[in-house]
Amino acid sequence: MTTALLVLTLASTLAVGAWLGAWFDRLAPLLYGGRAAGPLAPLRAGAAALLRPRIETEAPDRMNARLAPGWYLALAAAGLSVVPFAPGAALIETPVGIVVWGSCEALTIVAVFLHGWSPNAPFPLIGAYRYAAIGLPVMLPSMFVLIAAALPAESLSFTAIVESQREVWNIVRQPLGLPLFLIVGLTLTLRGPMDFADAADIAGGTSAEDSGPGRALWQGARLAMLVSFSAVAATTFLGGPLGPALPGPVWLWIKTAAIMALTVAVGHGVARTTPSRMLTILWVVLLPLSFVHLLVSGVLAL
Amino acid sequence: MTLTIVLLGAAALIGIGLYGALSQQSFVMLMMGLELMLNGALLAIIGLWSLALGGMPEGQLLAIIVMAVMAVEMSIGFALIVAVYRKRQADMTEALGTLKG
Amino acid sequence: MIDALVILLVLFAAWTGWRVFRVDSMIRATFSLMLSFISVGAIGVLLSAPYIGVATVFMMAVEMMVMGIFMVMFMMNPAGLNPMMMVHQHKLSIVAGVLAALGLGAAVLTTTLPTDPVPGETDVVSDLGHELLGPSMLIFETAGVTLLATMIGAVVLSSRRGRYGQADEGSRPPGLDPGGPPAGRQPEGEGGHHHHHHHHGGH
């Protein structure tokens with residue numbers, strides 16, 4: 001019974017969250033002097049994409065071309081499944097929650113790579129290749145940030161991480177954590193400065209040869225991953241379902257929506273640099289920074 | 001019964017990995033053979049620890065060591081491939097008649 | 001139920017392992033190997049080793065993506081979706097592989113295997129943590145130092161700059177046949193830096 005309820009909650013969180021994320025994407029231009037669109041615009045765009053015909057490239061890897069959006073969506077769902085909607089109520093209650101989420105992150109890079117590789121076309125492959133090269137070093141700060149959050153909880157499970165934030169949220173204890181994790185989120189959702197996969201400078205990258213239902217599902221999966229990432233970030237840094245008066249899930253939804261808005265705003269506002277310069281930034285600045293973060297968090301957790 | 005099948009699977013993985021490591025011409029494919037053998041070892045360790053050791057924590061430790069070995073094998077292997085490629089512009093074992101300079 | 005799943009996953013791990021050397025494209029081979037590792041990780045999760053199992057999935061997803069990057073970087077048929085078969089000493093390898101599998105299989109079948117499963121109430125993850133930072137601290141630290149040495153070694157080996165000059169100085173591609181002239185495009189005139197023996201009056 002509880003399981004069925006949690007499955008339903010997870011599915012509706014992903015669906016409503018994806019729509020909200022798509023709307024945020026259309027509101028974000030307001031911040032930077034552009035024009036916004038209404039809440040129905042993403043639904044219209046999705047319906048229109050579903051009706052368009054499919055493009056067939058020459059000699060593609062059909063299985064992976066069809067499956068890649070599905071993998072992406074499944075990874076978003078798997079990542080959300082270890083997040084507790086109320087204290088102690090995750091769909092999959094596991095002692096190694098952050099490792100499960102880490103696996104979802106790593107497999108997301110694989111899914112995006114397969115999405116770009118499978119059409120057997122130049123732009124998608126370029127997108128896939130440079131995304132994989134950028135995505136792998138991003139995994140390191142991600143792991144350090146999550147391990148730092150696990151230190152005060154003395155556990156790898158998200159439920160214990162939520163419990164450890166009853167007194168004070170991790171965003172106060174570990175101020176560097178959320179900014180570093182935001183970079184991970186931008187990478188996982190192919191956004192703004194970390195969008196080396198589907199960027200406009202290579203004609204849409206891994207999605208360049210996508211059309212029709214496949215494209216709609218891929219964009220939907222990107223938004224679902226935004227929801228999952230935001231829920232994980234809200235759980236790790238903002239106390240997840242903890243909060244006064246309102247029930248747990250509502251607090252988690254509010255915090256998730258706030259992180260989604262932040263991610264979308266940063267994604268629209270920060271420019272993308274060249275892959276080689278980004279690689280240098282990742283290895284030379286962000287990796288040592290995440291070491292410092294882990295060290296400080298470890299000392300504070302003693 | 002389960003343990004026997006798990007161990008037979010591990011034996012099969014090691015056999016396939018050995019075949020790959022010996023037969024492949026490309027360095028990267030050769031390393032996949034080595035990885036597959038380590039995968040077999042990992043499977044055997046997990047199976048034995050879980051079904052025949054009564055939860056002894058040292059068994060899990062051995063699995064962690066195998067993972068560390070995989071990481072070492074990968075990074076040194078790829079570093080060697082890059083070094084060989086810089087010197088010989090080759091990614092096939094045959095291209096290295098000699099290891100001298 | 002769990003036993004049936006484990007057996008299916010063992011079969012899947014062996015089959016995907018076999019596919020690694022049978023598929024056309026190296027990217028397919030890479031991700032086939034990843035599936036083999038993921039099934040072993042899933043077996044770990046089912047057989048009450050959640051940390052080992054999930055960490056295997058995480059590590060192998062990253063490792064195989066690195067493999068994929070190197071495949072695209074070095075292969076003659078980059079992301080190739082063309083058929084290929086690049087093997088040597090094929091018969092010997094088959095014999096060695098089959099012998100190894102049969103030998104190990106015979107060893108498994110002739111041994112009386114003990115039965116002592118993990119007790120249900122064990123907290124295996126915290127057990128592992130206490131073991132790593134307790135009695136087996138030295139082993140754990142040794143592994144850590146080994147990984148550090150690996151990192152340094154990998155950087156030194158793969159760096160282009162070196163104590164004795166550039167690593168690719170005087171680099172020539174191998175010949176198409178043994179001892180033959182270097183393969184690949186020959187730089188024309190003074191364009192290539194390898195051709196310092198050309199002497200033209202004007203320079």
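Let's start with one helix of this predicted model. Helix H4 of chain A covers residues 97-117, which makes 21 residues. At 1.5 Å a residue these should span 30 Å, and because the end C-alpha atoms are indeed 30 Å apart, expectation and model agree. Is H4(A) mostly enclosed or mostly open? Of its 21 residues, 21 are buried, so the rest of the structure largely encloses this helix.

**Spans along chain A**

The UniProt record, an unreviewed entry, places the feature "transmembrane region" at several stretches of chain A, including residues 98-117, 223-244 and 278-301. Here is how two of those stretches look in the model.

| Residues of chain A | Helix | Strand | Distance between end C-alpha atoms |
|---|---|---|---|
| 223-244 | 68% | 0% | 29 Å |
| 278-301 | 100% | 0% | 32 Å |

**Where chain C meets chain B**

Now let's turn to the contacts between chains. How many residues of chain C are in contact with chain B? There are 77, and they meet 68 residues of chain B. Six helices of chain C each supply at least two residues to this side: H1 (2-19), H2 (26-46), H3 (50-74), H4 (90-110), H5 (124-132) and H6 (137-158). The one that gives the most is H4(C), with 12 residues. Sorted by class, this side of chain C holds 50 nonpolar, 19 polar and 8 charged residues.

**Where chain C meets chain A**

Chain C also touches chain A, through 17 residues of chain C and 23 residues of chain A. Which helix gives the most to this side of chain C? That is H3(C), with 13 residues. By class, the residues on this side are 16 nonpolar, 1 polar and no charged.

**A core shared by the chains**

The largest nonpolar core of the model has 175 residues. Those with the most contacts inside this core come from three chains: Ala76(A) and Phe113(A), then Val28(B), Leu43(B) and Ile46(B), and finally Ala61(C). Helix H5 of chain A, residues 122-153, gives the most to the core, with 19 residues. Chain C takes part with both domain 1 (1-80) and domain 2 (124-160), each of which provides at least three residues.

Val28(B) is a good residue to zoom in on. Leaving aside its neighbours within four places in sequence, which residues is Val28(B) in contact with? In chain B there is Ile81(B), and in chain C there are Met26(C), Met67(C), Phe70(C), Met71(C) and Phe74(C).

Key:
Residues are numbered from 1 along each chain as its sequence is written. Chains are lettered from A and ligands numbered from 1 in the order in which they are written. This is a predicted model: local features need pLDDT of at least 70, side-chain atom pairs count only at pLDDT 80 or more; totals for chains, interfaces and linings use all residues. Two residues are in contact if their C-beta atoms, placed from the backbone, lie within 7 Å. Helices (H or I, at least four residues) and strands (E, at least two) are DSSP runs, numbered from the N terminus. Ala, Val, Leu, Ile, Met, Phe, Trp, Tyr, Cys and Pro count as nonpolar, Asp, Glu, Lys and Arg as charged, and the others, Gly among them, as polar. A nonpolar core is a set of buried Ala, Val, Leu, Ile, Met, Phe, Trp, Tyr and Cys residues joined through C-beta atoms within 7 Å. A residue is buried if 20 or more other C-beta atoms lie within 10 Å of its own, exposed if 12 or fewer, and partly exposed in between; C-beta atoms are placed from the backbone. Domain bounds come from an automatic or database domain assignment. The expected span of a helix is 1.5 Å times one less than its number of residues. UniProt positions are given in the numbering used here, feature names are shortened, and annotations may be inferred rather than shown by experiment.
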